[in-house]
Amino acid sequence: MALNIEQIRKDFPILSRKVNGKPLVYLDNAATTQKPVGVMERITRYYSEENSNVHRGVHRLSQVATEEFEEARRYIAGFIGAGKPEEIVFTRGTTESVNFIATVFQQFIGAGDEILITAMEHHSNLVPWQQLCRRQNAAMKVVPVNERGELDMESFKNLITSKTKMVAVAHVSNVLGTINPVEKITGLAHDKGVPVLVDGAQAIAHLPVDVRRTDCDFYAFSAHKAYGPMGIGVLYGKEEWLNKLSPYQFGGEMVDQVGFKETTFNVLPFKFEAGTPDVCGALAMETALKYIEKNGIENIRQHEDELLEYATRELKKLRGIKIIGEAAEKTAVLSFVAGGVHPYDLGTLVDQMGVAVRTGHHCAQPLVERFGLSGTVRASFGIYNTFEEVDIFIRAVRQALDMLR
Ligand code: PMP
């Protein structure tokens, strides 16, 4: 079903503002998405009418907040196809979710063990594993990426060994837009008894996510990349795994009985949620994901695919443009370089024309270096982008290139 984009745009007040005297063309959705009024209203309503701490109050407001917080957990579990709400742990976002697992996994990692990641990981799904390997004298192995920006699956098969203790892979690359074959990856990893963590930061707002079909052991994402607020996200973990893991942080809420000598811990998921959670964030994330559900993730995907295809075609008509990332399975992200022009200069000039794109290594420095570059220009799409905006973007790039050359 075709989305009514004009109607959708009315839900995002920021889209009607001007930047540098020009109507804003926001093409930095991979960094963060804009927020619909419903999400903002949910935040206001929570703090105007419902604010209270959860899980330990006898009074009415606390009970309402607790019920709504746990309802948000149930909804989010359903949204990603998790079996049980207990498998949803609220975190600050993807980065904290990965750090959480890379920290508590230490108990299973010894000298000589291996962690397998890919060459297209965001620093958030690279550095925590690298530091874990350092602490434990383990080795981090890296699955290479081909010229089109696809994972080399033959290498992947060879790199999983009896020493591998975890596979960590992005669902979608934030630089290349590549959609990785996560189902196939979990199948291959599980054949060797290896768990898989999927970084879903760039997938959650663009593709259907079904953790049970994918059969991944862990799935991480941030609300702010899916029309929700900053500072909250999710770590999904299979119940069997979460039960095996030690707590990540200690404090209130995550305990059962506390004494000066001994402490016992709470049940899932509370064992992993030390301290007061971001209750409002969880409710606003639920509202944001409901917004996606209302519009239909398949409809969103189709719209963004059409924008990506159109933008790619038009961009290639400009002289000296090289697209970085031309995987057969790709979504919502368009990275490129222009011969002889620094990405930063190009980004700055198109900003003068109201077009927000991102330049640099996009927190995936080893990947960008793999393509012999220090940076790219990246346009990334969301539900509210239009073909007219793509035209403005292309025109801005053309003018900027004329000026810079
Ligand atoms: N992984 C990927 C693929 C990302 O694109 C990002 C955000 N750019 C992250 C992880 C980190 O997300 P956050 O900053 O919300 O924790």
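How many salt bridges are there between domain 1 and domain 2? I opened the notebook with this, keeping in mind that what I have is a predicted model. The count I found between domain 1 and domain 2 is one salt bridge.

**Entry 1, the division.** I looked up how the protein is split, and the assignment gives domain 1 as 5–30 + 296–404 and domain 2 as 40–293. Taken over C-alpha atoms, the centres of domain 1 and domain 2 are separated by 28 Å. To the contact, domain 1 brings 38 residues and domain 2 brings 32 residues.

**Entry 2, the buried area.** I then turned to the area, and noted that domain 1 and domain 2 bury about 2,800 Å² between them, with 58% of it on carbon and sulfur atoms. Which three residues of domain 1 supply more of the area buried against domain 2 than any other three? I wrote down Ile-297, Leu-367 and Arg-370, which supply 20% of the area that domain 1 buries against domain 2.

**Entry 3, polar pairs and the salt bridge.** Across the interface of domain 1 and domain 2 I noted 21 residue pairs in polar contact, both residues of each pair being at pLDDT 80 or more. On the side of domain 1 that touches domain 2, the elements that give two or more residues are helix H11 (297–316), strand S13 (321–324), strand S14 (333–338) and helix H13 (365–370). Sorted by class, that side of domain 1 has 20 nonpolar, eight polar and ten charged residues.

I also checked the salt bridge that Arg-370 forms with Glu-147, where the closest N and O atoms are 3.0 Å apart. As a reminder to myself, side chains of opposite charge can pair when their charged atoms come close. A search of the whole structure returned 24 salt bridges. As for the pair Arg-370 and Glu-147, Arg-370 lies in helix H13 and Glu-147 in the loop between strand S6 (139–143) and helix H6 (153–159), so the pair ties together parts that are 223 residues apart in sequence.

**Entry 4, the ligand.** Which residues surround the ligand? I listed Thr-94, Thr-95, His-122, Ser-124, Asn-174, Asp-199, Ala-201, Gln-202, Ser-222, His-224 and Lys-225. I then looked up individual distances from polar side-chain atoms: one of Thr-95 lies 2.5 Å from an oxygen atom of the ligand, and one of His-224 lies 2.7 Å from an oxygen atom of the ligand. For Lys-225, I noted a polar side-chain atom 2.7 Å from a nitrogen atom of the ligand.

Key. Residues are numbered from 1 along each chain as its sequence is written. This is a predicted model: local features need pLDDT of at least 70, side-chain atom pairs count only at pLDDT 80 or more; totals for chains, interfaces and linings use all residues. Side-chain values use heavy atoms; hydrogens and water are left out. Domain bounds come from an automatic or database domain assignment. Contact means heavy atoms within 4.5 Å. Buried area is the accessible area (1.4 Å probe) that two parts lose on being put together, summed over both. A salt bridge is a side-chain nitrogen of Lys or Arg within 4 Å of a carboxyl oxygen of Asp or Glu. A polar contact is a pair of N or O atoms within 3.5 Å; within protein, one must be able to donate a hydrogen and the other to accept it, and residues adjacent in sequence count only if both atoms are side-chain atoms. Helices (H or I, at least four residues) and strands (E, at least two) are DSSP runs, numbered from the N terminus. Ala, Val, Leu, Ile, Met, Phe, Trp, Tyr, Cys and Pro count as nonpolar, Asp, Glu, Lys and Arg as charged, and the others, Gly among them, as polar. A residue is near a molecule or strand if one of its heavy atoms lies within 4 Å of it.
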